[in-house]
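I opened this entry to keep track of what I looked up, chain by chain. My notes follow the structure itself.

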Protein chains: 4
Amino acid sequence: MEKYSYYERKVNYYETDKMSVVHHSNYARYLEETRIDMLKYYGMPLEMFEDMGYVIPVLDLYGQFKESIRFGETIKIVPKIEKVTPVKFYFAYTIYDETMTKVKHIAKSSHCFLDSNFNPVSLKKVAPELYAKFVSFAEPEKEV
Amino acid sequence: MEKYSYYERKVNYYETDKMSVVHHSNYARYLEETRIDMLKYYGMPLEMFEDMGYVIPVLDLYGQFKESIRFGETIKIVPKIEKVTPVKFYFAYTIYDETMTKVKHIAKSSHCFLDSNFNPVSLKKVAPELYAKFVSFAEPEKEV
Amino acid sequence: MEKYSYYERKVNYYETDKMSVVHHSNYARYLEETRIDMLKYYGMPLEMFEDMGYVIPVLDLYGQFKESIRFGETIKIVPKIEKVTPVKFYFAYTIYDETMTKVKHIAKSSHCFLDSNFNPVSLKKVAPELYAKFVSFAEPEKEV
Amino acid sequence: MEKYSYYERKVNYYETDKMSVVHHSNYARYLEETRIDMLKYYGMPLEMFEDMGYVIPVLDLYGQFKESIRFGETIKIVPKIEKVTPVKFYFAYTIYDETMTKVKHIAKSSHCFLDSNFNPVSLKKVAPELYAKFVSFAEPEKEV
C-alpha cells in the first residue's frame, strides 16, 4: 500500500475572522479531518474504532502558525504517524499552500484509546492485529 | 416566579468573520444558549431531560438579520415560549444591543422531544407535570 | 452553460454534538459553502465581489431539519437561485443524503449587496452586466 | 492593581461532540476569551490595539488535555503573562473545574503584534508606555 500523501481542503468563508485570515482554532479541525482521512485510507476508519466501543481523544496538541491562511485558498496537509505504543500514538502534520512550496503550519498531536467509560485501553491487548497494522504505518520521528 | 428576562452575552472575537461582524451561523448558537439558560431558570434544565433519556432537537429555525453584531459588543436576547403542544414547542427570540434600544435579530424555532432511539415522545404522556409546567410558561403567539 | 448540479460534502467529526448528530448551527455553514461553490461555478466568485468592494450578508434564513446527519455521511446540497432583484437575491436549498433519495434539510435564504460602509448597493446600477448574468441563472420560485 | 484572577465560563451544548465532551478545538477559543478578558482588565483591551492598527495573531499554541469537560460544567481559566519582549509575548493558562480543585487543561501560547500589512511591530518602539505596562504584568516563567 502506498503511503498516504496529503489531505486537500478549501478554506471556508466562515473559518475566517476579522483579521481576514483563518481563525487559529480551525487548524485543530483541519488536523482532525486529516487524521480521519488518513486512518480511512489505511483501512482503519474512525467508525471502526467507534463500533469497537472506543473513542480516540487528543492528549496534547502543539501548533506553530507560520503563515496565515486566507479564504479562497486551498491547503494541503501532510500527516505522519510518528510513533505508536500500545496505549498512545503520535502524529505530526505540515500544512502547505496548494503548490506545496510554502509551509503554513506545523503541528504535533498525541492520542490514546479509551473505552466507553473513558478508561485507557491497550490497543495491543484488545486488537493486536490492528495494533500491528498501526505500527506498520509509523515513520521514524523527526524534529519539528 | 418572575418571567425570565433576558440572556446576556459578550461577543467573542472568534465569532467574527472577514466582514468584521459576527458570522450568521453563530446566531443559532446564541439562541441555543438562551433556550438552555431560560429552561434552567424555569427549573427544567436540559440536563434533566437528558437524564430522562430525551433529546430536544431543532425542527425548524427562522432568523432575520437586521443589524450586524461586532466584536466587543454585549447583546441581550429575550426569548419567549410561544406555544406548547404535547409533542412540539415553539420559541421566539429578539436579540438586542446592550441598551435594548436596537433590535439586531429576530428569530423563531420549533422543537420536539425524542427518546434515545430518536422517536418522538409526547411530553404530556411521559411527564404530565413537566408538560403542565412547560405550558404555564408559554405566552400567546405574536407575529414576527 | 450547464446548470450547477450539487455541492458534495463529507460530514466532519467536530460538527457533531453530544446528540451524536451534526449540530444544527452547521447547516448554515454547509449552505454558505454551497452558495460560494455555485457562484464560482457560474463565473461570479465571491472574491470578485470582494475585489469590487462589496460584501454579501445574509438577510434572512429559514431551515427545516427533516433528518439528522451523522459523522461519516456524505451529503449533497442542491441550491437554486430563486429570484434576483436589483438589490436582493433569494436562494433555496435541499440537502440530500449521498444517494439523493432522502431529503435531510430544506432551506431558504435572502441576501443583499453592501458597500464597504455597509450601505446597500444596487447590483443593477453598479454592475449591470453582472446583474444580468445573475438574473439569467435564476429559476422560478417554488414553494418549500 | 490586583492581579487578574480567573475567567469564568459555562460550557455550551454546541461545543460538545459525539464523545459527549467539549471538542478539543474549542479550548483555543476559551483561551482567547481569557486573554481578551485579562487584557481588558489590565486596561489594554484588544479594541485599543485594533484602533492603533495592530492585530495580535497566535504564533504558537500548546495544550495538554488532562480531563474532559462536559456540557453543564462551569470552568475557570487562570491565565498568566509569562514573558514580554519588544516583539513577542507569552501566555500560560490553566483550565480548572468550578471548584478549582481539578486541572482540566494546561496551555501556553505566544503572540506578536502585526501592523495592517501583517508586518511585525515592536511594541516597545511604537508604544513604549504600553509596552512598559505590559511588562509590569508579566510573571516569571514556570515550567508546564
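These entries cover symmetry, chain contacts, one helix, strand pairing and some unusual backbone angles.

**Entry: the model**
I am working with a predicted model. I keep that in mind for every value below.

**Entry: chains D and B**
I began by superposing chain D on chain B. A turn of 180° with a shift of 0.0 Å along the axis does it, at an RMSD of 0.0 Å. The two copies are therefore related as by a two-fold rotation axis. Next I asked which C-alpha of chain D lies nearest the axis. It belongs to D:Arg9, 5.6 Å from the axis. I then checked whether the copies use the same surface, and 100% of the contact residues of chain D recur in chain B.

I went on to the contact itself. Chain D puts in ten residues, and chain B also puts in ten residues. On the chain D side, α1 (25-41) and α2 (46-51) each supply at least two residues. The most comes from α1(D), with four residues. By class, I noted four nonpolar, two polar and four charged residues on this side of chain D.

**Entry: helix α1 of chain D**
Since α1(D) gives the most to that side of chain D, I looked at the helix on its own. Does its length agree with its residue count, and what should the 17 residues span? At 1.5 Å a residue the expected span is 24 Å, and the end C-alpha atoms of α1(D) lie 25 Å apart, which agrees. I also looked at burial. Of the 17 residues of α1(D), 13 are buried, so the helix is largely enclosed by the rest of the structure. For burial I needed the cut-off of 20 or more other C-beta atoms within 10 Å. After the helix comes D:Gly43, with a positive phi near 75°.

**Entry: chains A and D**
I turned to the contact between chains A and D. It takes 17 residues from chain A and 17 residues from chain D. On the chain A side, α1 (25-41) and β2 (58-65) are the elements that give two or more residues. Of these I noted β2(A), which gives the most, with eight residues. This side of chain A has ten nonpolar, five polar and two charged residues.

The strand β2(A) also pairs with β2(D), residues 58-65, in the antiparallel sense over five bridges. In that pairing I looked up A:Asp60, which stands opposite D:Gln64.

**Entry: strand β2 of chain B**
I followed β2(B), residues 58-65, to its partners. Within chain B, seven bridges join β2(B) to β5(B), residues 103-112, and the two run antiparallel. Here B:Tyr62 stands opposite B:Lys108. Across to chain C, β2(B) pairs with β2(C), residues 58-65, antiparallel over five bridges. The bridge partner of B:Asp60 there is C:Gln64.

**Entry: positive phi outside glycine**
Most residues other than glycine have a negative phi. I therefore noted B:Ser20, whose phi is positive, near 70°. B:Ser20 sits in the loop between β1 (7-10) and α1 (27-41) of chain B. Is B:Ser20 buried or partly exposed? B:Ser20 is partly exposed, with 16 other C-beta atoms within 10 Å.

I added C:Phe118, not a glycine either, with a positive phi of about 65°. C:Phe118 lies in the loop between β5 (103-112) and α3 (123-126) of chain C. C:Phe118 is partly exposed, with 13 other C-beta atoms within 10 Å.

Terms used:
Residues are numbered from 1 along each chain as its sequence is written. Chains are lettered from A and ligands numbered from 1 in the order in which they are written. This is a predicted model: local features need pLDDT of at least 70, side-chain atom pairs count only at pLDDT 80 or more; totals for chains, interfaces and linings use all residues. Copies are superposed by least squares on the C-alpha atoms of residues with pLDDT of at least 70 in both. Two residues are in contact if their C-beta atoms, placed from the backbone, lie within 7 Å. Ala, Val, Leu, Ile, Met, Phe, Trp, Tyr, Cys and Pro count as nonpolar, Asp, Glu, Lys and Arg as charged, and the others, Gly among them, as polar. The expected span of a helix is 1.5 Å times one less than its number of residues. A residue is buried if 20 or more other C-beta atoms lie within 10 Å of its own, exposed if 12 or fewer, and partly exposed in between; C-beta atoms are placed from the backbone. Two strands pair if DSSP finds at least two bridges between them.
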